[in-house]
Amino acid sequence: MIQIELHLRPDGTLKYLNAVGHAVRRHDKGFSPACAAVSSALRSTARLLAATQGVSVSGEAPEEGMFRLELQKRGFMRRGYLRGVSAALLQILNDLAAENPTEVQVVIR
């Protein structure tokens with residue numbers, strides 16, 4: 001099970017996220033499309049935010065099955081953009097959790 005905890009600011013922008021775990025199906029010989037999709041969504045979002053001017057992020061993936069991302073600084077002019085990126089990530093993760101309830105869990109704080 002992949003457990004993803006997202007902390008949002010009052011304006012709807014991502015403040016922090018932490019993901020722990022794997023989703024592995026035996027009948028797929030260890031491959032889980034849900035796990036691959038979560039990994040891709042988190043990695044791509046982190047790279048997108050890191051490349052955004054006026055935004056400062058930190059994060060780590062210290063070992064397989066662990067991922068942490070924090071938005072440390074955000075320019076006021078980027079608020080709408082960050083709200084959109086946050087909403088897109090949240091929609092992707094919620095869709096994956098709805099389609100794979102035994103493999104993905106999303107908690108929003």
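Is Thr45 buried or exposed? In this predicted model, Thr45 is buried, because its relative accessible area of 11% falls under the 20% cut-off.

**The packing of H1 against H2**

Thr45 has its place in helix H1, and, leaving out residues up to four places away in sequence, Thr45 touches Val85 and Leu89. Both of these partners belong to the set of H2 residues that H1 meets, a set made up of Tyr81, Leu82, Val85, Leu89, Ile92, Leu93 and Leu96. From the side of H1, the residues that take part are Ala37, Val38, Ala41, Leu42, Thr45, Leu48 and Leu49. Sorted by class, this contact of H1 with H2 holds 13 nonpolar residues, one polar residue and no charged residues.

Two packed helices are described by the angle between their axes and the distance between the axes. For H1 and helix H2, which spans residues 79-99, the axes come within 10 Å and cross at roughly 175°. The two helices are therefore roughly antiparallel to each other, since angles over 145 degrees count as such.

Val38, which also lies in helix H1, counts as buried because its relative accessibility is 3%, under the 20% limit. Apart from its neighbours within four places in sequence, Val38 is in contact with Leu93 and Leu96, and also with Ile2, Ile4 and Val104. Leu93 and Leu96 are among the H2 residues met by H1, whereas Ile2 and Ile4 fall within the residue range of strand E1 (2-8).

**The largest pocket and Ala19**

The largest pocket has a volume of about 260 Å³. Of the 16 residues in its lining, those closest to the centre of the pocket are Ser39, Leu42, Gly65, Met66 and Phe67. Two or more lining residues come from each of E2, helix H1 (33-50) and strand E4 (66-74), and H1 gives the most, with five residues. By class, the lining consists of nine nonpolar, four polar and three charged residues.

Ala19 is placed in strand E2, which covers residues 14-20, and Ala19 is buried, as its relative accessible area is 5%. Not counting residues up to four places away in sequence, Ala19 touches Gln3, Ile4, Leu42, Gly65, Met66 and Phe67. Among these partners, Leu42, Gly65, Met66 and Phe67 are also listed with the residues closest to the centre of the largest pocket, while Leu42 is in addition one of the H1 residues that meet H2.

**Arg9 in the loop between E1 and E2**

Arg9 sits in the loop between strand E1 (2-8) and E2, and with a relative accessibility of 17% Arg9 counts as buried, because the cut-off is set at 20%. When residues up to four places away in sequence are not counted, Arg9 touches Leu14, Lys15, Leu71 and Arg74. Of these, Leu14 and Lys15 fall within the residue range of strand E2 (14-20), and Leu71 and Arg74 within that of strand E4 (66-74).

**Separations along the chain and in space**

The table sets sequence separation beside C-alpha distance for pairs that involve Arg9, Ala19 and Val38.

| Pair | Separation in sequence | C-alpha to C-alpha distance |
|---|---|---|
| Arg9 and Arg109 | 100 residues | 9.0 Å |
| Ala19 and Ala36 | 17 residues | 13 Å |
| Val38 and Ala61 | 23 residues | 13 Å |

Definitions and conventions
Residues are numbered from 1 along each chain as its sequence is written. This is a predicted model: local features need pLDDT of at least 70, side-chain atom pairs count only at pLDDT 80 or more; totals for chains, interfaces and linings use all residues. Side-chain values use heavy atoms; hydrogens and water are left out. Helices (H or I, at least four residues) and strands (E, at least two) are DSSP runs, numbered from the N terminus. Buried means under 20% relative accessible area, exposed over 50%, partly exposed in between (1.4 Å probe, protein chains only). Contact means heavy atoms within 4.5 Å. On a 1 Å grid over the protein atoms alone, a cavity is a set of points where a 1.4 Å probe fits but cannot get out, and a pocket is an open set with protein on both sides within 12 Å along at least five of seven lines; lining residues have an atom within 4 Å of a point. Grid points are joined across faces, edges and corners, and a volume is the space filled by probe spheres set on the points. Ala, Val, Leu, Ile, Met, Phe, Trp, Tyr, Cys and Pro count as nonpolar, Asp, Glu, Lys and Arg as charged, and the others, Gly among them, as polar. Axes are lines fitted to C-alpha atoms, for helices over the stretch in contact, and angles run from 0 to 180 degrees between N-to-C directions. Angles under 35 degrees count as roughly parallel, over 145 as roughly antiparallel, 65 to 115 as roughly perpendicular and the rest as oblique.
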